[in-house]
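Q: I am new to this one. Please take a close look at a single part, the contact between two chains, and set it in context.

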Amino acid sequence: MYCNERPPEPSEKKELWRKINDMARANSLWVTAYGTGCGAIELRPLRTSRFDMERFGIAMRPTPRQADVLIISGYLSVKTLKRVIRVYEQIQDPKYIVALGSCTINGGMYFDSYNTLNVLDRYLPVDVYVMGCMPRPEAIIDGFSLLMRKIKEGRAEGWKHYQKNLDYYRENQKAIITDWEMPDYNW
Amino acid sequence: MIDRVMKELEGRFSSLELVREMHNYLHVYLDRGEVMEAILNARTLLGFRTLQLISVVDRMEENRFQLTWILENYTDSLVLLVSADYPRENCSVPSLSAVWPAASAFERELFEMYGVSFPGNPREGEDFILEGWKEIPPMRRDFDTEEYSMRVYGERQPRKHTDPRQYIGEIVGEWKTPMGRMRGEEE
């Protein structure tokens, strides 16, 4: 019932077509409306009129199937990581991850907690880190501008790294998630 | 008001010890055999209809758990804390979830975090927050949470810390904070 194959290799496109594609993607990044941690409280002012993010083309979408970006806002507990993996793998290519806060970089305030991860990069490929605890909405907009620059230059390749090194990521993920009741790849 | 409560409890229970009494707050210590009767008496006869919390203090040096039931009387604005001692190994406490349905959530949390079992709880043994937890209950004081975090979630690069006194002292010479000068620390 589940598709048991690995994700396929992305096909290479011509230079001009790739540039047009990347520019179109960068100017209309749609974000999955999933607040994983304490940073979600800074995402709500982003949508309202003071720090408007719709002027950059960024909108919140309810399902991962319609989104490009997943924002990991803050600490990630093991229980949430299991659900975030499912959501991330259901986003269609190309996809990007923006990690907010210091807990994703090196554990932050909860570095000695029995329930939260220390380094997010071992479990999911991160494109942009935004510093702060929590970063202000202006800092998050700055992070999104960096992501848009990276996409236009063709450097935001976290999803390709994930597909090529799926074994490395799965090994790290299964080391901490002991009750893995999901298929091998969540299409 | 609180004197009346104290007199009633003193009259009925011989093993009562006073911990703290304030204007509308009473904390008493009881024997393990009398504590359930005292709680139900407080509920029916003295008007303490609300169970606020069930909490545990892990007194590892004296090899006991101190369980505290926090009851509140909203008609007269009174708070009553009832504490009792239980052993640390194979701890088994009667459950109050037949009287207060919310008590079942507190008791599930204590079972997961400390290992205190409450026979009679309808959802005893279910996971509360942690999924697939294999070590000893994590809130106990003999659980080394930093060691667990470093072992399972891996080493991390911490932030470099600089002591301001030392750092600025190297540049300026002897440097004291303004508060230090005000408090008259020696030159």
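A: **Chain A, and where chain B meets it**

Start with chain A. Among its contacts with a separation of 6 or more, 80% are between residues 24 or more positions apart. A contact here means heavy atoms within 4.5 Å. The model is predicted, so local features need pLDDT of at least 70 and side-chain atom pairs count only at pLDDT 80 or more, while totals for chains, interfaces and linings use all residues. Residues are numbered from 1 along each chain as its sequence is written, chains are lettered from A and ligands numbered from 1 in the order written, and side-chain values use heavy atoms, leaving out hydrogens and water.

Chain A holds seven helices and five strands. These are DSSP runs numbered from the N terminus: helices (H or I) have at least four residues, strands (E) at least two. From the N terminus on, the order in chain A is α-β-α-β-β-α-β-α-β-α-α-α.

Next, its dimensions. The C-alpha atoms of chain A fill a box of roughly 40 × 40 × 25 Å along the principal axes. Its radius of gyration is 16 Å, which agrees with the value near 16 Å for a compact globule of 187 residues. That radius is taken over C-alpha atoms, and the globule rule is 2.2 Å times the number of residues to the power 0.38. Of the 187 residues of chain A, 52% count as buried. Buried means under 20% relative accessible area, exposed over 50%, and partly exposed in between (1.4 Å probe, protein chains only).

Now the contact itself. Chain B brings 23 residues to it, and chain A brings 19. Together the two chains bury about 1,700 Å², with 46% of that on carbon and sulfur atoms. Three residues of chain B, Glu131(B), Tyr153(B) and Arg156(B), lose the most area to chain A, together 45% of what that side buries. Buried area is the accessible area (1.4 Å probe) that two parts lose on being put together, summed over both.

Which side chains meet in a salt bridge? Glu131(B) pairs with Arg83(A), at 3.2 Å from N to O. The rule finds one salt bridge across this interface. It asks for a side-chain nitrogen of Lys or Arg within 4 Å of a carboxyl oxygen of Asp or Glu.

Polar contacts between chain B and chain A come to eleven residue pairs, both residues at pLDDT 80 or more. Each needs N or O atoms within 3.5 Å; within protein, one must be able to donate a hydrogen and the other to accept it, and sequence neighbours count only if both atoms are side-chain atoms. On the chain B side, helix 4 (residues 145-153) gives the most, with seven residues. The residues of that side divide into twelve nonpolar, five polar and six charged.

Two peptide bonds in chain A also deserve a look. Asp93(A) and Pro94(A) are joined by a cis peptide bond, with omega about -10°. Pro94(A) sits in the loop between helix 3 (78-90) and strand 4 (96-100) of chain A. The bond from Cys133(A) to Met134(A) is cis too, with omega near -10°. Met134(A) lies in the loop between strand 5 (128-130) and helix 5 (137-153) of chain A. Most peptide bonds are trans.

How values were computed:
Nonpolar A, V, L, I, M, F, W, Y, C, P; charged D, E, K, R; others polar.
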